Amino acid sequence: GKYSPFAIFSKFLTGVLNLEPVMVDAKPKLFAAKIGLIFCFLIGLLMLLHLILFVFVIAHILISAILI
């Protein structure tokens, strides 16, 4: 987004170094965001149902996927 510190810094750096911007496809990022949202809703639902063991399993899967 336009308020992201990384976006602001990268725009500043490309201007200082006279670099051409490289356009990147946003579809993989959107897919990852949707999967993360689904996992978060699933964890929330399992917590409401007091299925704590399954919360830990789903959270472990989500965290493991992030670290890979």
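The protein exposes about 6400 Å² of surface, and carbon and sulfur atoms supply 79% of that area. This value, like the others that follow, is computed from a predicted model. Of the 68 residues in the protein, buried ones make up 9%.

The overall architecture may be considered next. The protein contains three helices and zero strands, and reading along the sequence gives the pattern α-α-α. The radius of gyration is 18 Å, well over the 11 Å that the globule rule gives for 68 residues, so the protein is more spread out than a compact globule. In terms of its principal axes, the C-alpha trace spans about 55 × 20 × 20 Å.

The interior of the model is the next topic. In soluble globular proteins, nonpolar side chains tend to be buried together. Here the largest nonpolar core consists of five residues, namely Ile43, Leu46, Val55, Ile58 and Leu62. Two helices, H2 (27-48) and H3 (52-67), each supply at least two residues of this core. Helix H3 provides the largest share, with three residues. One member of the core, Ile58, illustrates how such a residue is surrounded. When its neighbours within four places in sequence are left aside, Ile58 is in contact with Phe39, Leu42, Ile43 and Leu46. Among these partners, Ile43 and Leu46 are themselves members of the core.

Attention now turns to helix H1, which covers residues 5-17. A nonpolar patch of about 590 Å² lies on the surface and is made by Phe9, Phe12, Leu13, Val16, Leu17 and Leu19. Leu13, one of the residues of this patch, is located in helix H1. Is Leu13 buried or exposed, or does it fall in between? Its relative accessible area is 34%; because this value lies between the 20% limit for buried residues and the 50% limit for exposed ones, Leu13 is described as partly exposed.

The loops between the helices complete the picture. Asn18 is placed in the loop between H1 and H2. Although Asn18 is not a glycine, it has a positive phi of about 55°. With a relative accessible area of 67%, Asn18 is exposed. The loop between H2 and H3 holds His50, a residue other than glycine whose phi is also positive, near 60°. His50 has a relative accessible area of 66% and is therefore exposed, since that class begins over 50%. Each of the two loops thus contains a non-glycine residue with a positive phi: Asn18 between H1 and H2, and His50 between H2 and H3.

Terms used: Residues are numbered from 1 along each chain as its sequence is written. This is a predicted model: local features need pLDDT of at least 70, side-chain atom pairs count only at pLDDT 80 or more; totals for chains, interfaces and linings use all residues. Side-chain values use heavy atoms; hydrogens and water are left out. Patches are made of residues with over 30% relative accessible area and no salt bridge: like charges are joined within 9 Å, nonpolar side chains (Val, Leu, Ile, Met, Phe, Trp, Tyr) within 5 Å. Accessible areas come from the Shrake-Rupley method with a 1.4 Å probe; for residues, only the protein chains shown count as cover. A salt bridge is a side-chain nitrogen of Lys or Arg within 4 Å of a carboxyl oxygen of Asp or Glu. Helices (H or I, at least four residues) and strands (E, at least two) are DSSP runs, numbered from the N terminus. Buried means under 20% relative accessible area, exposed over 50%, partly exposed in between (1.4 Å probe, protein chains only). The radius of gyration is taken over C-alpha atoms; the globule rule is 2.2 Å times the number of residues to the power 0.38. A nonpolar core is a set of buried Ala, Val, Leu, Ile, Met, Phe, Trp, Tyr and Cys residues joined through side-chain atoms within 4.5 Å. Contact means heavy atoms within 4.5 Å.
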